[in-house]
Amino acid sequence: MIPRLLALLLALGIEACSLLSPQPATAIPEVNVRAQTARLILVTVANVPEPMQTHAGSSLHGYEAMPLYAKSGSARARLDAIAADYQLRPMAEWPIQSLAVQCVVFELAADQDRDATLERLSKDARVALAQPMQTFGTLSAGYNDPYVGLQRGFAQIDAADAQQWSRGDGIRVAVIDTGMDSVHADLQGRVESHRNFVDDDARQFYADRHGTEVAGVIAADANNHEGIVGVAPGVRILAFKACWQLEAHADSALCNSFTLAQ
């Protein structure tokens with residue numbers, strides 16, 4: 001009886017620990033991550049989790065109410081003070097549990113100089129990191145037929161020979177890019193999950209080109225009389241949309257610090 005009870009307690013403990021996952025980023029609803037970012041900065045402060053309060057004689061019944069890893073009281077006070085001292089408006093924030101930090105997107109006041117403000121923040125002992133909202137573009141080739149360039153790379157790295165030893169079975173690869181067409185004949189059944197960190201446009205997610213092409217280079221099915229052959233056609237893809245396509249019939253896309261960090 002005692003060993004069974006110990007096993008049950010251990011199982012409940014493991015389940016409770018699994019609930020301590022990072023919270024997703026929170027943002028003011030009207031924030032548009034594609035908008036002009038020249039007035040936005042990112043600030044990171046230390047966020048050491050505070051110990052949970054327990055009471056003598058407490059039971060296991062409270063596990064379902066355990067909080068997610070969140071902003072500590074000290075991090076909250078520090079960020080409130082920084083916002084007031086520098087006249088900054090918080091736009092979105094999220095914790096990074098593995099680094100024990102809280103990240104915040106702030107909007108500068110209309111008359112503030114971004115570089116001067118960042119210079120001051122970089123010398124503030126309360127701030128772990130301060131940087132402008134960076135914008136990044138995806139790398140696109142200008143071929144009439146994109147398969148030509150993709151298959152040339154496949155040959156140059158001798159992928160066909162490597163696949164005699166491994167096709168990537170049992171491996172998951174996160175593609176942080178635009179959305180992707182997960183029902184494409186070359187990708188069907190290979191995309192394990194989807195997350196959209198840009199917007200809630202599901203239709204556009206599946207129409208995005210660049211992420212589809214990148215996923216194809218990685219994991220396109222082999223010997224199916226379709227398209228190309230992926231470098232590792234046995235892997236599973238995790239599709240994380242952090243970039244948005246600029247034109248309907250072009251590969252070019254943009255991302256920024258906020259969407260990528262999420």
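Here are some worked exercises on the predicted model shown above.

**Exercise 1. Getting an overview**

Task: Find how many helices and strands the chain has, and what share of its residues is buried.

Solution:
- Start with the elements: the chain has eight helices and 11 strands.
- Next, look at burial: of the 262 residues in the chain, 34% are buried.
- Then turn to the surface, where the accessible area comes to about 15,700 Å². Carbon and sulfur atoms account for 56% of that area.
- Finish with the contacts between residues at least 6 apart in sequence: 75% of them join residues at least 24 apart.

**Exercise 2. Classifying aromatic pairs**

Task: The structure holds three aromatic pairs. Work out how the pair Trp 94 and Phe 258 should be classed, stacked, edge-to-face or tilted, and then do likewise for Phe 205 and Tyr 206.

Solution:
- Recall what you need: a pair of aromatic rings is described by the distance of the centres and the angle of the planes.
- The ring centres of Trp 94 and Phe 258 are 5.2 Å apart and the planes stand at 55°, so this pair is tilted. The cut-offs behind that step are under 30 degrees for stacked and over 60 for edge-to-face.
- Now place this pair on the chain. Trp 94 belongs to strand β3 (residues 89-96) and Phe 258 to helix α8 (residues 257-261), so the pair links parts of the chain that are 164 residues apart. Both Trp 94 and Phe 258 are buried.
- For Phe 205 and Tyr 206, the centres are 5.5 Å apart and the planes are at 70°, so the pair is edge-to-face.
- Check the burial of each partner. Phe 205 has 4% relative accessibility and counts as buried, whereas Tyr 206, at 38%, counts as partly exposed.

**Exercise 3. Reading the antiparallel sheet**

Task: Trace the open sheet that contains β6, β11 and β10, and say which strands stand at its edges.

Solution:
- Write down the order first: the three strands run β6-β11-β10, with antiparallel pairing.
- β6 (135-137) and β10 each have a single partner strand, so they stand at the edges with one side lacking a neighbour in the sheet.
- On average, neighbouring strands here are turned by 30° against each other, direction ignored.
- Now go through the pairings. β6 and β11 are joined by three bridges, and Thr 135 stands opposite Asn 256 in β11.
- Three bridges also join β10 to β11 (residues 253-256). Here Cys 243 has Cys 255 as its bridge partner, and Trp 244 stands opposite Leu 254.

**Exercise 4. A parallel sheet and its helix**

Task: Describe the sheet made by β7, β9 and β8, and find which helix packs on it.

Solution:
- The order in this open sheet is β7-β9-β8, and the pairing is parallel.
- β7 and β8 are the edge strands, each pairing on one side only.
- From one strand to the next, the twist averages 15°.
- Six bridges join β7 to β9, with Ile 176 opposite Phe 240.
- The helix is α7: it packs on the sheet, touching β7 and β9, and its direction makes about 155° with that of β7.
- List the buried residues of α7 (residues 210-219): His 210, Gly 211, Thr 212, Ala 215, Gly 216 and Ala 219. Their cover includes β7 (172-177), β9 (236-241) and β10 (243-245).

**Exercise 5. Finding the nonpolar cores**

Task: Which elements give two or more residues to the largest nonpolar core, and which gives the most?

Solution:
- Keep the general idea in mind: in soluble globular proteins, nonpolar side chains tend to be buried together.
- The largest core has 15 residues, and those touching the most other members are Ile 41, Val 43, Val 45, Ile 82, Leu 88, Phe 106 and Leu 121.
- Two or more residues come from each of β2 (40-46), α2 (73-86), β4 (101-107) and α3 (114-122). The top contributor is α2, with five residues.
- Zoom in on Val 45: leaving aside neighbours within four places in sequence, its contacts include Leu 79, Ile 82, Val 101 and Val 127.
- Apart from this core lies another, of 11 residues, including Val 175, Val 191, Ala 232 and Ala 239.

**Exercise 6. A loop residue**

Task: Is Gln 188 buried or exposed?

Solution:
- Locate Gln 188 in the loop between β7 and β8 (191-196).
- Its relative accessible area is 54%, so Gln 188 is exposed; the cut-off is over 50%.
- Beyond four places in sequence, Gln 188 touches Ser 182 and Val 183.

How values were computed: Residues are numbered from 1 along each chain as its sequence is written. This is a predicted model: local features need pLDDT of at least 70, side-chain atom pairs count only at pLDDT 80 or more; totals for chains, interfaces and linings use all residues. Side-chain values use heavy atoms; hydrogens and water are left out. Rings of Phe, Tyr and Trp (its six-membered ring) pair if their centres lie within 6.5 Å; planes under 30 degrees apart count as stacked, over 60 as edge-to-face and the rest as tilted. Helices (H or I, at least four residues) and strands (E, at least two) are DSSP runs, numbered from the N terminus. Buried means under 20% relative accessible area, exposed over 50%, partly exposed in between (1.4 Å probe, protein chains only). Contact means heavy atoms within 4.5 Å. Two strands pair if DSSP finds at least two bridges between them. Axes are lines fitted to C-alpha atoms, for helices over the stretch in contact, and angles run from 0 to 180 degrees between N-to-C directions. A nonpolar core is a set of buried Ala, Val, Leu, Ile, Met, Phe, Trp, Tyr and Cys residues joined through side-chain atoms within 4.5 Å. Accessible areas come from the Shrake-Rupley method with a 1.4 Å probe; for residues, only the protein chains shown count as cover.
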